[in-house]
Amino acid sequence: MRIAVVIPLYNHARYIGDGLRSVLGQSRPPDRVIVIDDGSTDGSLEAARAVADARVTLLSQPNAGAHHTINRAIAEAGDADCLGILNSDDLYEPERIAACLRCLEANPAAAIVATRLKIIDEAGAALPEEEPRARWLRSVWRARPASLAAWLGIANFTKTTSNLFGRADYFRAHPFGPYRYVHDYFFAVGAAVEERLVVLDEELLRYRVHGSNTIKSGPAENLPREVVRMNLDLLRAFAPRLADSPEVRARFGEYFRALSQNYADFRLEPFLHLVAAQFSSLSDAQAGALCETLDSARFPELLAGKSRALRETLARGSYEAALQNLAASRWMALGRLLGAGPALITDAATAEQRLSALRKSCDTSAWFRLGRRLGFLYEQE
C-alpha cells in the first residue's frame with residue numbers, strides 16, 4: 001500500500017521544517033510527501049527545501065487558497081492508496097500514520113479517519129488545561145453522542161484538515177470546496193452523513209494555534225456567513241440522496257438538529273431567510289403540488305410516531321429527577337460505598353434511551369430493590 005502526505009504551505013517558514021520532520025519520522029513513513037507552496041512571501045519555500053529527502057516533492061504556485069492547494073496536491077499524489085493532509089504549521093505524532101492505517105483495515109467500510117488532537121502554542125508547547133481552547137476541546141470530546149453526524153452538529157471535533165487521513169479514491173471523489181474557513185468541516189460532515197468517517201480515540205495530531213491562524217482573519221461576520229453558505233451547499237449536494245435514502249435523511253437530520261441548537265458559528269435565522277427566499281415566489285398551487293410529491297412509500301417518516309420532541313423533553317426531566325433522587329438517597333450512598341447499586345447510564349443517544357436504561361438498571365439491582373422494599377427509596381427513583 002502506497003502512502004502519501006500532502007502539505008499545503010503558506011507563510012510558515014518558522015514551522016514547516018518541524019512539520020516535515022514529523023511526517024518523515026513516522027513509524028510507518030509515507031512513500032511520498034507533496035508540498036505545494038501557495039505563494040508564500042516569508043521564505044517558506046526555502047525552509048522546506050532545507051529538509052532534504054528524496055521522498056519530498058516540492059512545488060510552488062501563485063496564491064490560490066488552501067482548498068485549491070490541497071486538491072492539487074491530492075492530484076499530484078498519483079498512485080497513492082491512502083492520503084494524509086498536514087497543514088504546514090501542525091505536527092503528526094510518530095504513530096499517526098500506522099494507527100490510522102490499522103483503523104482503516106479494521107473498518108473496511110470507512111474511508112476517512114479522524115483522531116483526537118492536542119492544541120499547542122507557537123513554541124510547540126501544549127496549552128495549559130485551564131486555557132479556554134484546551135477546555136473547549138475537552139468539552140467537545142466529552143459531549144460525543146452515538147452519531148458522528150450529530151457530534152459534528154455540536155462542534156467540528158475534527159478541527160482541521162490536518163486531522164483527515166483516508167483512502168485516496170475518496171479524497172479524489174470529494175474535492176475540497178471553495179471555502180476560506182470551513183473546507184475541512186464540509187468534508188467531515190459529508191463523510192459522516194455517508195457513514196464513511198471513523199474516529200480513533202488516540203491523540204495523534206498536534207494542532208498549532210498562533211496569531212496568524214486563518215480562522216482569525218477577516219471581519220467577525222465572515223465565518224458565520226461562510227458556515228451558512230456551507231450548510232446551503234450541503235443541502236444542495238445531498239438533495240438527491242435525501243430524496244432516495246431514509247438512512248441518509250436520518251443522519252442528515254441528526255446533524256442539522258444538533259447544528260441548529262449547538263454549533264457556535266451557525267446562525268439559524270439568516271439560514272432560514274435564505275431557504276425561505278427560494279420558495280417565496282411559489283403560488284399556493286405550486287406549494288401544494290410540491291408537497292404532494294411526498295408519499296409514505298418514499299418517506300416513511302410521514303407515518304412516524306407523533307410528539308417525539310415532547311416525549312424527549314418529558315424523558316429528560318424524568319431522567320434528571322431520577323438522578324437527583326438517587327444522588328440524595330442515603331441508602332444509595334451506602335450502596336456506592338459498598339460497591340452495590342444500579343449502574344448509571346449517561347452515554348445513550350437520547351433521553352428516552354437513558355431513562356429506559358436507568359429504569360432497567362434499577363429493576364435488576366438487588367440493592368435498589370431491597371431499599372425500595374424497606375421504604376428507603378421512593379417509587380419515582
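## Burial and overall build

Buried residues account for 45% of the 381 residues in the protein chain. Keep in mind as you browse that this is a predicted model. The chain has 16 helices and 8 strands, and its C-alpha atoms fill a box of roughly 80 × 65 × 40 Å along the principal axes.

About 19300 Å² of the protein chain is exposed, with carbon and sulfur atoms supplying 54% of that area. Sequence-distant contacts are well represented here: among contacts between residues at least 6 apart in sequence, 74% join residues at least 24 apart.

## The sheet

The 8 strands of an open sheet follow the order β3-β2-β1-β4-β7-β6-β8-β5, and their pairing is mixed. At the edges stand β3 (56-61) and β5 (91-92); each has a single partner strand, so one side of each lacks a neighbour in the sheet.

For a closer look inside the sheet, take β6 (residues 112-120) and β7 (residues 165-167), which run antiparallel and are joined by 2 bridges. Here I112 stands opposite G166 in β7.

## Helices across the sheet

Two helices are handy landmarks. Helix α4 (residues 96-106) lies across β1 (3-9), β4 (82-85), β5, β6, β7 and β8 (197-208), and runs at about 170° to β8. Helix α5 (residues 132-142) lies across β6 and β8, at about 150° to β6.

## Helix α3 and its buried face

Now to helix α3, where H67, T69, I70, A73 and I74 are buried. Viewed down the axis of α3, the buried residues fall within an arc of 165°, so they line one face of the helix. A general point helps in reading such a pattern: an α-helix has 3.6 residues a turn, so residues three or four places apart point the same way.

What covers the buried residues of α3? The cover includes strands β1, β2 (32-38), β3 and β4, along with helices α7 (168-173) and α8 (183-193). After α3 comes G78, whose phi is positive, near 60°.

## A closer look at H67

H67 is found in helix α3, which spans residues 66-76. Why does H67 count as buried? Its relative accessibility is 18%, and the cut-off for buried is under 20%.

Leaving aside residues up to four places away in sequence, H67 touches F176, G177, P178, Y179 and H183. One of these partners, H183, has the residue number at which α8 (183-193) begins, and α8 is among the elements covering the buried residues of α3.

Methods: Residues are numbered from 1 along each chain as its sequence is written. This is a predicted model: local features need pLDDT of at least 70, side-chain atom pairs count only at pLDDT 80 or more; totals for chains, interfaces and linings use all residues. Side-chain values use heavy atoms; hydrogens and water are left out. Helices (H or I, at least four residues) and strands (E, at least two) are DSSP runs, numbered from the N terminus. Buried means under 20% relative accessible area, exposed over 50%, partly exposed in between (1.4 Å probe, protein chains only). Contact means heavy atoms within 4.5 Å. Two strands pair if DSSP finds at least two bridges between them. Axes are lines fitted to C-alpha atoms, for helices over the stretch in contact, and angles run from 0 to 180 degrees between N-to-C directions. The arc is that of the directions from the helix axis to the C-beta atoms. Accessible areas come from the Shrake-Rupley method with a 1.4 Å probe; for residues, only the protein chains shown count as cover.
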